Amino acid sequence: MNTAPGNKNLILSFTVKNKKIAEFYNRKGVEKADEGNLVEALSYFNKAIQADPTCIEALFNRATIKADLGEFAEARKDFTKITVLNSTASGNNSDKNPGIDQNTKINFF
């Protein structure tokens with residue numbers, strides 16, 4: 001199957017757009033967290049991650065808010081996602097590093 005010319009650019013621009021949206025929502029979440037509005041901040045971080053599931057900053061911020069709210073198991077899941085994303089970004093593939101399962105203990109305090 002042949003793809004239309006410019007299809008690659010369309011996909012690239014869609015990815016760039018989603019990353020910008022994620023950055024925007026992440027910044028708004030940080031603002032709300034700084035104001036002490038943790039639930040509202042969490043909502044913005046969720047929107048950022050929905051726009052770009054690989055946004056490490058938003059994942060970290062959401063994990064931190066979840067930990068602050070006492071949702072430790074959910075926070076651990078986000079920290080685990082960050083570890084996997086960092087592992088993938090550093091060039092480790094599944095043959096070299098199988099990743100971390102959800103039962104792995106991560107101490108974030």
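Which residues of α2 are buried? They are Ala-41, Leu-42, Tyr-44, Phe-45, Ala-48, Ile-49 and Ala-51. Before going further, please keep in mind that this is a predicted model. The chain holds 4 helices and 0 strands, and its elements run α-α-α-α from the N terminus on.

**The chain as a whole**

- Of the 109 residues in the chain, 27% are buried.
- About 7,500 Å² of the chain is exposed, and carbon and sulfur atoms supply 54% of that area.
- Among contacts with a separation of 6 or more, 44% come from residues 24 or more positions apart.

**The largest nonpolar core**

- The largest nonpolar core has 12 residues in all: Ala-22, Ala-48, Ile-49, Ala-51, Cys-55, Ala-58, Leu-59, Ala-63, Ala-67, Ala-75, Phe-79 and Ile-82.
- Two or more residues of this core come from each of α2 (38-51), α3 (56-68) and α4 (72-89).
- It is α3 that gives the most to the core, with 4 residues.

**Helix α2**

- At 1.5 Å a residue, the 14 residues of α2 should span 20 Å, and the end C-alpha atoms of α2 are indeed 20 Å apart, so the two values agree.
- An α-helix has 3.6 residues a turn, so residues three or four places apart point the same way.
- Ala-51, one of the buried residues of α2, also belongs to the largest nonpolar core.
- Leaving aside neighbours within four places in sequence, Ala-51 is in contact with Asn-18, Ile-21 and Ala-22.

**The loop between α2 and α3**

- Asp-52 lies in the loop between α2 and α3.
- With 9% relative accessibility, Asp-52 counts as buried because the value falls under 20%.
- Not counting residues up to four places away in sequence, Asp-52 touches Asn-18, Lys-19 and Ala-22.
- Cys-55 is also found in the loop between α2 and α3, and its relative accessibility of 7% makes it count as buried.
- Cys-55 and Asn-18 are 37 residues apart along the chain, and their C-alpha atoms are separated by 9.9 Å.
- Cys-55 is one of the residues of the largest nonpolar core.

**Helix α4**

- For the 18 residues of α4, a rise of 1.5 Å a residue gives an expected span of 26 Å; the end C-alpha atoms of α4 are 25 Å apart, which agrees.
- The buried residues of α4 are Ala-75, Asp-78, Phe-79, Thr-80, Ile-82 and Ser-87.
- What covers these buried residues of α4 includes α3.
- After α4 comes Gly-91, which has a positive phi, near 95°.

**Aromatic residues**

- The whole structure contains 3 aromatic pairs.
- One of them joins Phe-60 and Phe-79 edge-to-face, at 5.8 Å centre to centre and with 70° between the planes.
- This pair links distant parts of the chain, with Phe-60 in helix α3 and Phe-79 in helix α4, 19 residues apart.
- Phe-60 is partly exposed, with a relative accessible area of 43%, whereas Phe-79 is buried at 12%.
- Phe-24, Tyr-25 and Tyr-44 form one aromatic cluster.
- Tyr-44 of this cluster is also among the buried residues of α2.

Notes:
Residues numbered from 1 in each chain as written. Predicted model: local features only at pLDDT ≥ 70, side-chain atom pairs only at ≥ 80, totals over all residues. Heavy atoms only, no water. Core = buried A, V, L, I, M, F, W, Y, C linked by side-chain atoms within 4.5 Å. Buried < 20%, exposed > 50% of the residue type's maximum accessible area, 1.4 Å probe, protein only. Contact = heavy atoms within 4.5 Å. Expected span 1.5 Å × (residues − 1). Areas by Shrake-Rupley, 256 points an atom, 1.4 Å probe, with all protein chains shown as cover. Phe/Tyr/Trp six-rings, centres within 6.5 Å; stacked < 30°, edge-to-face > 60°.
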